Amino acid sequence: MVQKLKLEELNRIDVETFKTVEKIPLVVVLDNIRSMHNVGATFRTADAFLIQKIILCGITPQPPHREIHKAALGATESVDWSHESDINTAINDLKSQGFEIVGIEQTTNSQIITDFTIDSSKKYAIILGNEVEGVSDEALPNIDTFLEIPQLGTKHSLNVSVCGGIVMWEFAKALK
């Protein structure tokens, strides 16, 4: 008979151990995200895949906040994060650290994520844009590559945290 594992049977690491383990070379940049749920869910996914850091840009809400914590379930304590008011300042800082900047956006230049080769010798920063407007127009010229997730139904976009989860998983598989 199949049974669900109990929490103590999952052998998860604690926050102190999480802080010391090697992370995958991936930074997630949230560009003017409005929803605290999306922010919290992104933290929770970043924790699951050992993401290096989250950078909250512009109007993106910051912890501590009850609504973020409801979705994050404590991941705001484990995942490193910072805030930068200007998206291009964040991008330029990441570029100076050797990160390739990847915008998750449907553009005239975007490629399907599964057609993109993730080079395990590189460091990447993925930018997830606003729920309505997408990645900031002023950031577009500073982004190295644009990726999109194929969608076969009638909708033209995915929820930001769902999109982020798919993209983080694709990068985590290749970079771990």
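Is Leu73 buried or exposed? Leu73 is exposed, at a relative accessible area of 58%. Exposed means over 50% relative accessible area, buried under 20%, and partly exposed in between, with a 1.4 Å probe and protein chains only.

This is a predicted model, in which local features need pLDDT of at least 70, side-chain atom pairs count only at pLDDT 80 or more, and totals for chains, interfaces and linings use all residues. Residues are numbered from 1 along each chain as its sequence is written, and side-chain values use heavy atoms, leaving out hydrogens and water.

**Helix α2**

Helices (H or I, at least four residues) and strands (E, at least two) are DSSP runs, numbered from the N terminus. Helix α2 covers residues 36–48, 13 residues in total. From its first C-alpha to its last it reaches 19 Å, close to the 18 Å expected at 1.5 Å a residue. That expected span is 1.5 Å times one less than the number of residues.

At the start of α2, a side-chain oxygen of Ser35 comes to within 3.1 Å of the backbone nitrogen of His37. Buried residues of α2 are Asn38, Val39, Gly40, Ala41, Thr42, Phe43, Thr45 and Ala46. Their cover includes strands β1 (24–31), β2 (51–57) and β3 (81–84). It also includes helices α3 (66–72), α4 (75–78) and α6 (160–175).

**Packing of α2 against α6**

The axes of α2 and α6 come within 8 Å and cross at roughly 15 degrees. Axes here are lines fitted to C-alpha atoms, for helices over the stretch in contact, and angles run from 0 to 180 degrees between N-to-C directions. The two helices are therefore roughly parallel to each other. Angles under 35 degrees count as roughly parallel, over 145 as roughly antiparallel, 65 to 115 as roughly perpendicular and the rest as oblique.

The crossing of α2 and α6 is right-handed. Right-handed means that the near helix is turned clockwise from the far one by less than a right angle; anticlockwise gives left-handed. From α2, the contact uses His37, Asn38, Ala41, Thr42, Thr45 and Ala46. From α6, Val160, Ser161, Gly165 and Met168 take part. Contact means heavy atoms within 4.5 Å.

Ser161 is found in α6. Ser161 is buried, at 12% relative accessible area. Residues up to four places away in sequence aside, Ser161 touches His37, Asn38, Ala41 and Thr42. The side chain of Ser161 also makes a polar contact with the side chain of Asn159, at 2.7 Å. A polar contact is a pair of N or O atoms within 3.5 Å; within protein, one must be able to donate a hydrogen and the other to accept it, and residues adjacent in sequence count only if both atoms are side-chain atoms.

**Strand β2**

Ile55 lies in β2. It counts as buried, at 6% relative accessibility. Leaving aside neighbours within four places in sequence, Ile55 contacts Val27, Val28, Val29, Leu30, Ser82, Glu84, Ala90 and Leu94. Ile55 and Ile33 are 22 residues apart in sequence and 11 Å apart in space, C-alpha to C-alpha.

**Loops and backbone**

Two leucines have a positive phi.

| Residue | Loop | Phi | Relative accessibility |
|---|---|---|---|
| Leu50 | between α2 and β2 | about 55 degrees | 27%, partly exposed |
| Leu73 | between α3 and α4 | near 50 degrees | 58%, exposed |

Leu50 comes just after α2. A cis peptide bond joins Pro63 and Pro64, with omega about 0 degrees. Pro64 lies in the loop between β2 and α3.
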